[in-house]
Amino acid sequence: MERRIFLRASAVGLSLSSAAPVTTARMGPATARQGSYEPLGRVPVEAAAEAVVGDGGETAYLATMTGFATVDVSDPTDPTVLVDREVEIGDRPLSNILDVSVDGDRLVVAGPANFGYEPMGFRCYDVSDPADPIPAGEYETGYHIHNCYLEGDLLFVAENDFDTDTNALAIFDVADGIERIGSWSLLDRDPGWRDRPFLGRYLHDVYVQDDLAYLPYWNAGTYLVDVSDPTAPEYVSHVADTTLEAQQGVAREDAVYGLPGNDHYAAVDDTGDLMAVGREAWATSGDPDRPGGIDLYDVSDTAEPVHRGSIDPPRADDETYAGRRWTTSHNFEFRDGRLYSSWYRGGVKIHDVSDPSEPEELTWWRDADETAFWTAQVLEPGETFVASSTEAIPRTSLDGALYTFPIERGTTVVDDGFDADSPSNGSESDGADDSVPGFTGAAALVGGAAGLEWLRRRGNGNVQD
(Lines give C-alpha, C1' and ligand atoms only; values in the text may rest on other atoms or scores of the structure.)
Protein backbone atom coordinates (compact mmCIF):
# COMPACT_ATOMS: atom_id res chain seq x y z
CA MET A 1 0.00 0.00 0.00
CA GLU A 2 1.16 3.55 -0.73
CA ARG A 3 0.73 6.22 1.88
CA ARG A 4 -0.41 9.64 0.72
CA ILE A 5 -0.49 12.63 3.02
CA PHE A 6 -2.89 15.56 2.52
CA LEU A 7 -2.13 18.71 4.50
CA ARG A 8 -4.53 21.61 4.63
CA ALA A 9 -5.44 24.69 6.57
CA SER A 10 -7.48 23.03 9.28
CA ALA A 11 -6.23 19.48 9.71
CA VAL A 12 -3.93 16.70 8.59
CA GLY A 13 -5.57 13.71 6.92
CA LEU A 14 -4.33 10.32 5.79
CA SER A 15 -5.66 8.09 3.06
CA LEU A 16 -4.46 4.86 1.50
CA SER A 17 -4.44 3.85 -2.13
CA SER A 18 -2.93 1.06 -4.18
CA ALA A 19 -0.85 1.81 -7.24
CA ALA A 20 -2.42 0.19 -10.30
CA PRO A 21 -0.19 -2.32 -12.08
CA VAL A 22 1.40 -1.24 -15.35
CA THR A 23 0.52 -3.57 -18.20
CA THR A 24 2.43 -2.08 -21.13
CA ALA A 25 3.79 -4.92 -23.25
CA ARG A 26 7.27 -5.24 -24.69
CA MET A 27 7.57 -3.69 -28.12
CA GLY A 28 7.94 -5.89 -31.16
CA PRO A 29 10.09 -5.36 -34.27
CA ALA A 30 10.02 -1.75 -35.62
CA THR A 31 6.34 -1.63 -36.49
CA ALA A 32 3.26 -0.03 -35.00
CA ARG A 33 1.82 -2.07 -32.16
CA GLN A 34 -1.84 -1.22 -32.61
CA GLY A 35 -4.11 1.24 -34.33
CA SER A 36 -2.95 3.88 -36.76
CA TYR A 37 -2.72 6.93 -34.53
CA GLU A 38 0.07 9.29 -35.60
CA PRO A 39 1.00 13.00 -35.70
CA LEU A 40 -0.67 15.34 -38.14
CA GLY A 41 2.41 17.49 -38.67
CA ARG A 42 5.92 18.32 -37.50
CA VAL A 43 8.28 21.27 -37.84
CA PRO A 44 11.91 21.35 -36.61
CA VAL A 45 12.56 23.88 -33.84
CA GLU A 46 16.15 23.83 -32.67
CA ALA A 47 16.58 23.61 -28.88
CA ALA A 48 12.81 23.41 -28.29
CA ALA A 49 11.61 23.28 -24.70
CA GLU A 50 8.33 24.67 -23.30
CA ALA A 51 5.53 25.29 -25.80
CA VAL A 52 2.39 27.34 -25.16
CA VAL A 53 -0.58 28.14 -27.40
CA GLY A 54 -1.88 31.64 -28.06
CA ASP A 55 -5.47 32.55 -27.27
CA GLY A 56 -6.56 32.33 -30.90
CA GLY A 57 -5.31 28.78 -31.26
CA GLU A 58 -3.35 29.62 -34.41
CA THR A 59 0.11 30.29 -32.94
CA ALA A 60 2.40 28.30 -30.69
CA TYR A 61 5.31 29.88 -28.81
CA LEU A 62 8.39 27.87 -27.85
CA ALA A 63 11.36 28.50 -25.58
CA THR A 64 14.55 27.75 -27.53
CA MET A 65 17.40 27.97 -25.02
CA THR A 66 18.77 31.33 -26.22
CA GLY A 67 15.44 32.82 -27.26
CA PHE A 68 12.00 31.87 -28.52
CA ALA A 69 10.21 30.81 -31.69
CA THR A 70 6.70 31.52 -32.92
CA VAL A 71 5.03 28.85 -35.04
CA ASP A 72 1.97 29.20 -37.26
CA VAL A 73 -0.22 26.18 -36.47
CA SER A 74 -3.37 27.41 -38.20
CA ASP A 75 -2.93 24.41 -40.52
CA PRO A 76 -1.97 21.59 -38.12
CA THR A 77 -0.78 19.45 -41.04
CA ASP A 78 1.77 22.09 -42.01
CA PRO A 79 3.14 23.97 -38.95
CA THR A 80 5.49 26.77 -40.01
CA VAL A 81 8.10 28.71 -38.02
CA LEU A 82 7.43 32.44 -38.26
CA VAL A 83 10.22 33.79 -36.05
CA ASP A 84 13.22 32.31 -34.26
CA ARG A 85 14.64 35.12 -32.15
CA GLU A 86 17.37 35.43 -29.54
CA VAL A 87 16.76 37.45 -26.38
CA GLU A 88 18.85 39.99 -24.48
CA ILE A 89 18.50 41.41 -20.98
CA GLY A 90 20.42 44.61 -20.34
CA ASP A 91 22.11 44.33 -23.76
CA ARG A 92 23.53 40.93 -22.87
CA PRO A 93 22.34 37.61 -24.28
CA LEU A 94 19.95 35.59 -22.14
CA SER A 95 20.57 31.84 -22.20
CA ASN A 96 19.21 28.62 -20.73
CA ILE A 97 15.68 29.77 -21.60
CA LEU A 98 13.30 26.86 -21.03
CA ASP A 99 10.03 28.66 -20.35
CA VAL A 100 7.71 31.12 -22.07
CA SER A 101 4.23 32.26 -21.10
CA VAL A 102 1.57 33.99 -23.19
CA ASP A 103 -1.74 35.69 -22.49
CA GLY A 104 -3.55 37.76 -25.09
CA ASP A 105 -1.06 39.85 -27.04
CA ARG A 106 1.69 39.63 -24.40
CA LEU A 107 4.49 37.06 -24.34
CA VAL A 108 7.02 36.68 -21.52
CA VAL A 109 10.40 35.00 -22.02
CA ALA A 110 12.27 34.22 -18.78
CA GLY A 111 15.58 32.76 -17.73
CA PRO A 112 18.05 31.39 -17.17
CA ALA A 113 16.21 28.30 -15.96
CA ASN A 114 19.09 26.94 -13.89
CA PHE A 115 22.05 28.16 -11.88
CA GLY A 116 25.32 29.16 -13.50
CA TYR A 117 24.11 31.49 -16.24
CA GLU A 118 24.09 35.30 -16.54
CA PRO A 119 22.20 37.60 -16.83
CA MET A 120 18.92 36.83 -15.14
CA GLY A 121 15.43 38.17 -15.69
CA PHE A 122 12.54 38.30 -18.13
CA ARG A 123 11.51 40.24 -21.21
CA CYS A 124 7.98 41.06 -22.38
CA TYR A 125 6.92 41.16 -26.04
CA ASP A 126 3.89 42.45 -27.89
CA VAL A 127 2.88 39.52 -30.10
CA SER A 128 -0.24 41.01 -31.65
CA ASP A 129 1.62 40.15 -34.86
CA PRO A 130 3.27 36.78 -34.06
CA ALA A 131 5.52 37.17 -37.09
CA ASP A 132 6.93 40.43 -35.70
CA PRO A 133 7.21 40.38 -31.88
CA ILE A 134 7.97 43.82 -30.44
CA PRO A 135 9.96 44.20 -27.17
CA ALA A 136 7.75 45.70 -24.46
CA GLY A 137 9.92 45.92 -21.35
CA GLU A 138 12.48 43.91 -19.41
CA TYR A 139 13.32 43.21 -15.78
CA GLU A 140 16.59 42.01 -14.26
CA THR A 141 16.58 39.76 -11.22
CA GLY A 142 19.25 38.44 -8.87
CA TYR A 143 18.02 34.87 -9.31
CA HIS A 144 17.37 32.42 -12.14
CA ILE A 145 13.79 31.83 -13.31
CA HIS A 146 12.90 28.24 -14.00
CA ASN A 147 9.23 28.95 -14.76
CA CYS A 148 6.70 31.75 -14.79
CA TYR A 149 2.99 32.23 -15.51
CA LEU A 150 1.30 35.21 -17.14
CA GLU A 151 -2.30 35.92 -16.13
CA GLY A 152 -3.66 39.17 -17.52
CA ASP A 153 -1.44 42.01 -16.31
CA LEU A 154 0.18 39.91 -13.59
CA LEU A 155 3.30 37.79 -13.97
CA PHE A 156 3.91 35.05 -11.39
CA VAL A 157 7.56 34.00 -11.15
CA ALA A 158 9.27 31.10 -9.41
CA GLU A 159 11.98 32.83 -7.35
CA ASN A 160 14.66 30.38 -6.26
CA ASP A 161 17.63 32.37 -5.03
CA PHE A 162 20.49 30.13 -3.99
CA ASP A 163 22.49 33.05 -2.55
CA THR A 164 19.72 34.03 -0.14
CA ASP A 165 18.40 30.46 0.34
CA THR A 166 14.97 31.60 -0.90
CA ASN A 167 12.19 29.53 -2.49
CA ALA A 168 9.34 31.95 -3.15
CA LEU A 169 6.63 33.15 -5.50
CA ALA A 170 7.28 36.66 -6.83
CA ILE A 171 4.41 38.66 -8.39
CA PHE A 172 4.88 41.47 -10.91
CA ASP A 173 2.48 43.98 -12.44
CA VAL A 174 3.42 44.22 -16.14
CA ALA A 175 0.50 46.39 -17.32
CA ASP A 176 2.41 49.64 -17.69
CA GLY A 177 6.07 49.14 -17.03
CA ILE A 178 7.15 46.34 -14.71
CA GLU A 179 6.80 46.50 -10.93
CA ARG A 180 7.21 43.83 -8.28
CA ILE A 181 4.12 44.03 -6.09
CA GLY A 182 4.00 40.90 -3.92
CA SER A 183 5.53 37.59 -2.86
CA TRP A 184 4.82 34.43 -0.90
CA SER A 185 7.37 32.05 0.60
CA LEU A 186 7.22 28.39 1.59
CA LEU A 187 9.84 29.09 4.23
CA ASP A 188 7.69 31.73 5.91
CA ARG A 189 4.84 29.22 6.11
CA ASP A 190 6.87 26.09 6.97
CA PRO A 191 10.33 27.23 8.14
CA GLY A 192 11.39 23.67 8.96
CA TRP A 193 12.02 23.04 5.28
CA ARG A 194 14.99 25.41 5.43
CA ASP A 195 16.99 22.55 6.95
CA ARG A 196 16.47 20.38 3.86
CA PRO A 197 18.49 20.65 0.63
CA PHE A 198 17.66 23.73 -1.45
CA LEU A 199 16.66 21.64 -4.48
CA GLY A 200 14.52 19.38 -2.31
CA ARG A 201 12.17 22.32 -1.56
CA TYR A 202 12.49 24.02 -4.93
CA LEU A 203 9.55 25.98 -6.36
CA HIS A 204 9.59 24.40 -9.77
CA ASP A 205 6.57 25.89 -11.52
CA VAL A 206 3.56 28.20 -11.22
CA TYR A 207 -0.02 27.82 -12.44
CA VAL A 208 -2.73 30.41 -11.79
CA GLN A 209 -6.49 30.22 -12.29
CA ASP A 210 -9.40 32.10 -10.70
CA ASP A 211 -7.20 33.93 -8.17
CA LEU A 212 -5.52 30.75 -6.94
CA ALA A 213 -1.85 29.95 -7.52
CA TYR A 214 -0.79 26.30 -7.60
CA LEU A 215 2.84 25.94 -6.53
CA PRO A 216 4.71 22.60 -6.79
CA TYR A 217 7.44 22.78 -4.14
CA TRP A 218 9.18 19.47 -4.94
CA ASN A 219 9.23 17.38 -1.75
CA ALA A 220 7.39 19.96 0.35
CA GLY A 221 4.27 19.35 -1.76
CA THR A 222 1.98 21.47 -3.94
CA TYR A 223 0.66 24.61 -2.26
CA LEU A 224 -2.60 26.40 -3.05
CA VAL A 225 -2.22 30.14 -2.44
CA ASP A 226 -4.92 32.81 -2.71
CA VAL A 227 -3.61 35.63 -4.94
CA SER A 228 -6.85 37.62 -5.23
CA ASP A 229 -4.86 40.39 -3.55
CA PRO A 230 -1.49 39.98 -5.31
CA THR A 231 0.15 42.33 -2.83
CA ALA A 232 -0.70 39.98 0.06
CA PRO A 233 -1.03 36.31 -1.03
CA GLU A 234 -2.47 33.92 1.56
CA TYR A 235 -1.99 30.19 2.14
CA VAL A 236 -5.06 28.01 1.53
CA SER A 237 -3.91 24.38 1.71
CA HIS A 238 -1.46 21.91 0.28
CA VAL A 239 -1.04 18.28 -0.67
CA ALA A 240 2.11 16.22 -0.25
CA ASP A 241 3.39 12.75 -0.98
CA THR A 242 5.92 12.81 1.85
CA THR A 243 6.57 14.79 5.03
CA LEU A 244 9.33 16.96 6.41
CA GLU A 245 9.99 14.35 9.08
CA ALA A 246 10.29 11.56 6.50
CA GLN A 247 12.68 13.64 4.43
CA GLN A 248 15.10 14.18 7.30
CA GLY A 249 16.79 10.84 6.74
CA VAL A 250 16.81 10.91 2.93
CA ALA A 251 20.10 11.32 1.09
CA ARG A 252 20.47 14.53 -0.92
CA GLU A 253 20.52 12.81 -4.33
CA ASP A 254 17.51 10.63 -3.53
CA ALA A 255 15.63 13.69 -2.24
CA VAL A 256 16.09 15.40 -5.59
CA TYR A 257 15.78 12.55 -8.08
CA GLY A 258 13.53 9.93 -6.50
CA LEU A 259 10.05 9.36 -5.13
CA PRO A 260 8.20 10.05 -2.91
CA GLY A 261 7.72 13.77 -3.49
CA ASN A 262 9.19 15.49 -6.57
CA ASP A 263 6.16 17.73 -7.19
CA HIS A 264 7.17 19.17 -10.56
CA TYR A 265 4.07 20.60 -12.25
CA ALA A 266 0.48 21.28 -11.21
CA ALA A 267 -2.64 22.47 -13.02
CA VAL A 268 -6.42 22.43 -12.58
CA ASP A 269 -9.26 21.72 -14.98
CA ASP A 270 -11.65 24.27 -16.50
CA THR A 271 -13.87 24.26 -13.40
CA GLY A 272 -11.03 24.44 -10.89
CA ASP A 273 -12.43 21.36 -9.13
CA LEU A 274 -9.81 18.83 -10.27
CA MET A 275 -6.08 19.29 -9.79
CA ALA A 276 -3.27 17.22 -11.30
CA VAL A 277 0.20 17.05 -9.78
CA GLY A 278 3.00 15.61 -11.89
CA ARG A 279 6.01 14.11 -10.13
CA GLU A 280 9.21 14.11 -12.17
CA ALA A 281 11.34 11.31 -10.74
CA TRP A 282 13.60 8.41 -11.64
CA ALA A 283 14.51 5.03 -10.15
CA THR A 284 16.96 5.57 -7.28
CA SER A 285 16.67 2.29 -5.35
CA GLY A 286 14.31 4.11 -3.01
CA ASP A 287 10.69 3.33 -2.19
CA PRO A 288 8.89 3.49 -4.54
CA ASP A 289 11.63 2.80 -7.06
CA ARG A 290 10.16 4.00 -10.36
CA PRO A 291 9.52 7.08 -12.48
CA GLY A 292 6.96 9.59 -11.27
CA GLY A 293 3.40 9.78 -12.61
CA ILE A 294 0.44 12.13 -12.19
CA ASP A 295 -1.89 12.26 -9.18
CA LEU A 296 -5.44 13.64 -9.35
CA TYR A 297 -7.04 15.56 -6.49
CA ASP A 298 -10.55 16.83 -5.87
CA VAL A 299 -10.06 20.49 -4.92
CA SER A 300 -13.69 21.59 -5.15
CA ASP A 301 -13.16 22.50 -1.50
CA THR A 302 -9.77 24.16 -1.79
CA ALA A 303 -9.21 23.92 1.95
CA GLU A 304 -9.75 20.15 1.95
CA PRO A 305 -8.07 18.47 -1.08
CA VAL A 306 -8.87 14.78 -1.55
CA HIS A 307 -6.81 12.33 -3.59
CA ARG A 308 -8.97 10.64 -6.24
CA GLY A 309 -6.72 8.69 -8.60
CA SER A 310 -3.38 8.31 -10.33
CA ILE A 311 -1.91 7.92 -13.80
CA ASP A 312 1.13 5.68 -13.82
CA PRO A 313 4.13 6.38 -16.04
CA PRO A 314 5.13 4.16 -18.95
CA ARG A 315 7.84 1.72 -17.92
CA ALA A 316 11.29 1.30 -19.44
CA ASP A 317 14.11 -1.23 -19.33
CA ASP A 318 16.31 1.33 -17.54
CA GLU A 319 14.53 3.88 -15.38
CA THR A 320 17.54 5.60 -13.84
CA TYR A 321 18.44 9.19 -14.55
CA ALA A 322 21.51 8.11 -16.50
CA GLY A 323 19.53 5.55 -18.46
CA ARG A 324 18.31 8.06 -21.06
CA ARG A 325 14.97 6.29 -21.57
CA TRP A 326 13.11 8.82 -19.46
CA THR A 327 9.41 8.12 -19.06
CA THR A 328 8.60 10.29 -16.07
CA SER A 329 5.79 12.84 -16.06
CA HIS A 330 6.57 16.29 -17.39
CA ASN A 331 3.98 18.95 -18.33
CA PHE A 332 0.27 18.66 -19.15
CA GLU A 333 -3.01 20.49 -19.65
CA PHE A 334 -6.66 19.89 -18.77
CA ARG A 335 -9.40 20.61 -21.28
CA ASP A 336 -13.07 19.52 -21.31
CA GLY A 337 -12.70 16.51 -19.02
CA ARG A 338 -9.46 15.30 -20.58
CA LEU A 339 -5.84 15.47 -19.53
CA TYR A 340 -3.19 15.96 -22.23
CA SER A 341 0.21 14.88 -20.93
CA SER A 342 3.87 14.53 -21.97
CA TRP A 343 6.28 11.86 -20.69
CA TYR A 344 9.61 12.68 -22.32
CA ARG A 345 10.56 9.53 -24.29
CA GLY A 346 7.41 7.84 -23.02
CA GLY A 347 5.45 9.91 -25.55
CA VAL A 348 2.22 11.88 -25.29
CA LYS A 349 -1.11 10.69 -23.90
CA ILE A 350 -4.72 11.74 -23.54
CA HIS A 351 -6.79 10.51 -20.60
CA ASP A 352 -10.49 10.86 -19.93
CA VAL A 353 -10.53 12.11 -16.33
CA SER A 354 -14.26 12.73 -16.03
CA ASP A 355 -14.08 10.03 -13.34
CA PRO A 356 -10.73 10.88 -11.71
CA SER A 357 -10.82 7.74 -9.60
CA GLU A 358 -10.56 5.72 -12.82
CA PRO A 359 -8.75 7.78 -15.48
CA GLU A 360 -9.14 6.15 -18.90
CA GLU A 361 -6.31 6.26 -21.42
CA LEU A 362 -7.73 7.30 -24.80
CA THR A 363 -4.66 8.04 -26.90
CA TRP A 364 -0.95 7.29 -26.72
CA TRP A 365 1.84 7.92 -29.22
CA ARG A 366 5.54 7.52 -28.79
CA ASP A 367 8.70 6.99 -30.78
CA ALA A 368 11.45 7.16 -28.18
CA ASP A 369 14.23 6.96 -30.76
CA GLU A 370 13.07 10.25 -32.27
CA THR A 371 11.15 12.19 -29.60
CA ALA A 372 11.19 13.30 -25.96
CA PHE A 373 8.09 15.36 -25.24
CA TRP A 374 8.28 18.39 -22.98
CA THR A 375 4.69 19.57 -23.00
CA ALA A 376 1.24 18.97 -24.50
CA GLN A 377 -1.35 21.71 -25.02
CA VAL A 378 -4.70 21.82 -26.79
CA LEU A 379 -4.73 23.74 -30.05
CA GLU A 380 -8.35 23.33 -31.15
CA PRO A 381 -10.70 21.82 -28.54
CA GLY A 382 -11.98 18.45 -29.70
CA GLU A 383 -9.71 18.40 -32.73
CA THR A 384 -5.96 18.93 -32.25
CA PHE A 385 -3.18 19.43 -29.70
CA VAL A 386 0.48 20.34 -29.94
CA ALA A 387 3.51 18.85 -28.19
CA SER A 388 7.11 20.05 -28.16
CA SER A 389 9.89 17.48 -28.41
CA THR A 390 13.22 18.41 -26.82
CA GLU A 391 16.75 17.38 -27.72
CA ALA A 392 18.01 18.09 -24.19
CA ILE A 393 18.58 14.58 -22.92
CA PRO A 394 22.28 13.88 -22.37
CA ARG A 395 24.07 11.49 -24.75
CA THR A 396 21.20 11.30 -27.23
CA SER A 397 20.87 12.54 -30.81
CA LEU A 398 17.30 13.80 -30.73
CA ASP A 399 16.18 16.86 -32.65
CA GLY A 400 13.97 19.65 -31.30
CA ALA A 401 10.57 19.93 -32.97
CA LEU A 402 6.94 20.89 -32.57
CA TYR A 403 4.39 18.16 -33.33
CA THR A 404 0.65 18.45 -33.95
CA PHE A 405 -1.71 15.59 -33.11
CA PRO A 406 -5.36 14.75 -33.69
CA ILE A 407 -7.60 14.33 -30.66
CA GLU A 408 -8.97 10.82 -31.12
CA ARG A 409 -8.59 7.35 -29.74
CA GLY A 410 -5.66 5.18 -30.77
CA THR A 411 -2.21 3.96 -29.82
CA THR A 412 0.90 3.69 -31.92
CA VAL A 413 4.36 2.89 -30.63
CA VAL A 414 7.40 1.48 -32.38
CA ASP A 415 10.22 -0.76 -31.26
CA ASP A 416 12.21 1.61 -29.10
CA GLY A 417 14.02 -0.43 -26.48
CA PHE A 418 11.35 -0.51 -23.81
CA ASP A 419 10.67 -3.60 -21.76
CA ALA A 420 7.98 -2.99 -19.20
CA ASP A 421 7.78 -6.60 -18.06
CA SER A 422 11.26 -6.77 -16.57
CA PRO A 423 12.62 -3.29 -15.89
CA SER A 424 16.31 -3.23 -15.10
CA ASN A 425 17.41 -0.28 -13.06
CA GLY A 426 21.10 -0.58 -13.82
CA SER A 427 22.69 2.42 -15.47
CA GLU A 428 23.57 2.19 -19.16
CA SER A 429 26.29 4.76 -18.69
CA ASP A 430 27.71 7.12 -16.15
CA GLY A 431 27.18 10.86 -16.18
CA ALA A 432 24.25 11.17 -13.79
CA ASP A 433 25.45 14.65 -12.96
CA ASP A 434 24.52 16.12 -16.35
CA SER A 435 22.01 18.95 -16.11
CA VAL A 436 18.46 18.21 -17.14
CA PRO A 437 16.66 21.26 -18.48
CA GLY A 438 13.21 21.06 -16.94
CA PHE A 439 14.54 19.19 -13.93
CA THR A 440 16.35 20.92 -11.07
CA GLY A 441 18.91 18.21 -10.40
CA ALA A 442 22.07 18.85 -8.42
CA ALA A 443 24.12 19.54 -11.53
CA ALA A 444 21.82 22.43 -12.43
CA LEU A 445 24.02 24.43 -10.07
CA VAL A 446 26.66 24.60 -12.81
CA GLY A 447 24.52 24.47 -15.95
CA GLY A 448 25.53 21.05 -17.20
CA ALA A 449 26.56 19.37 -20.42
CA ALA A 450 23.16 19.37 -22.09
CA GLY A 451 22.83 23.12 -21.77
CA LEU A 452 26.36 23.71 -23.01
CA GLU A 453 25.75 21.56 -26.06
CA TRP A 454 22.60 23.52 -26.87
CA LEU A 455 24.55 26.79 -26.69
CA ARG A 456 27.24 25.43 -29.01
CA ARG A 457 24.60 24.48 -31.56
CA ARG A 458 23.18 27.97 -31.43
CA GLY A 459 26.51 29.60 -32.09
CA ASN A 460 27.41 31.04 -28.70
CA GLY A 461 31.17 31.30 -28.90
CA ASN A 462 31.59 32.25 -25.25
CA VAL A 463 30.59 28.83 -23.91
CA GLN A 464 33.29 26.65 -22.40
CA ASP A 465 33.20 23.26 -20.70
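About 16900 Å² of the protein chain is exposed, and carbon and sulfur atoms supply 42% of that area. Keep in mind that this is a predicted model. Of the 465 residues in the chain, 61% are buried.

**Overall fold**
- The secondary structure comes to 4 helices and 33 strands.
- Among contacts with a separation of 6 or more, 58% join residues that lie 24 or more positions apart.

**Nonpolar cores**
- The largest nonpolar core contains 46 residues. Leu 169, Leu 215, Tyr 223 and Met 275 have the most contacts inside this core.
- Tyr 223 is worth a look in your viewer: leaving aside neighbours within four places in sequence, its contacts include Trp 184, Leu 186, Trp 193 and Tyr 235. Polar and charged residues also appear in that list, among them Arg 189, Asp 190, Ser 237 and His 238. Leu 215, another residue named for its contacts inside the core, touches Tyr 223 as well.
- A second, separate core has 21 residues, including Val 87, Ile 89, Leu 98 and Tyr 125.

**A buried asparagine**
- Asn 262 sits in the loop between α3 (252-257) and β22 (263-268).
- Is Asn 262 buried or exposed? Asn 262 is buried, because its relative accessible area is 0%, where buried means under 20%.
- Which backbone oxygens does the side chain of Asn 262 reach? One belongs to Val 256, at 3.0 Å, and another belongs to Glu 280, at 2.7 Å.
- Val 256 falls within the range given for α3 (252-257), so to speak a handy landmark when you trace the 3.0 Å pair from Asn 262.

Definitions and conventions
Residues numbered from 1 in each chain as written. Predicted model: local features only at pLDDT ≥ 70, side-chain atom pairs only at ≥ 80, totals over all residues. Heavy atoms only, no water. Helix = DSSP H or I, 4+ residues; strand = E, 2+ residues; numbered from the N terminus. Buried < 20%, exposed > 50% of the residue type's maximum accessible area, 1.4 Å probe, protein only. Polar contact = N/O pair within 3.5 Å; in protein donor to acceptor, adjacent residues only side chain to side chain. Core = buried A, V, L, I, M, F, W, Y, C linked by side-chain atoms within 4.5 Å. Contact = heavy atoms within 4.5 Å. Areas by Shrake-Rupley, 256 points an atom, 1.4 Å probe, with all protein chains shown as cover.
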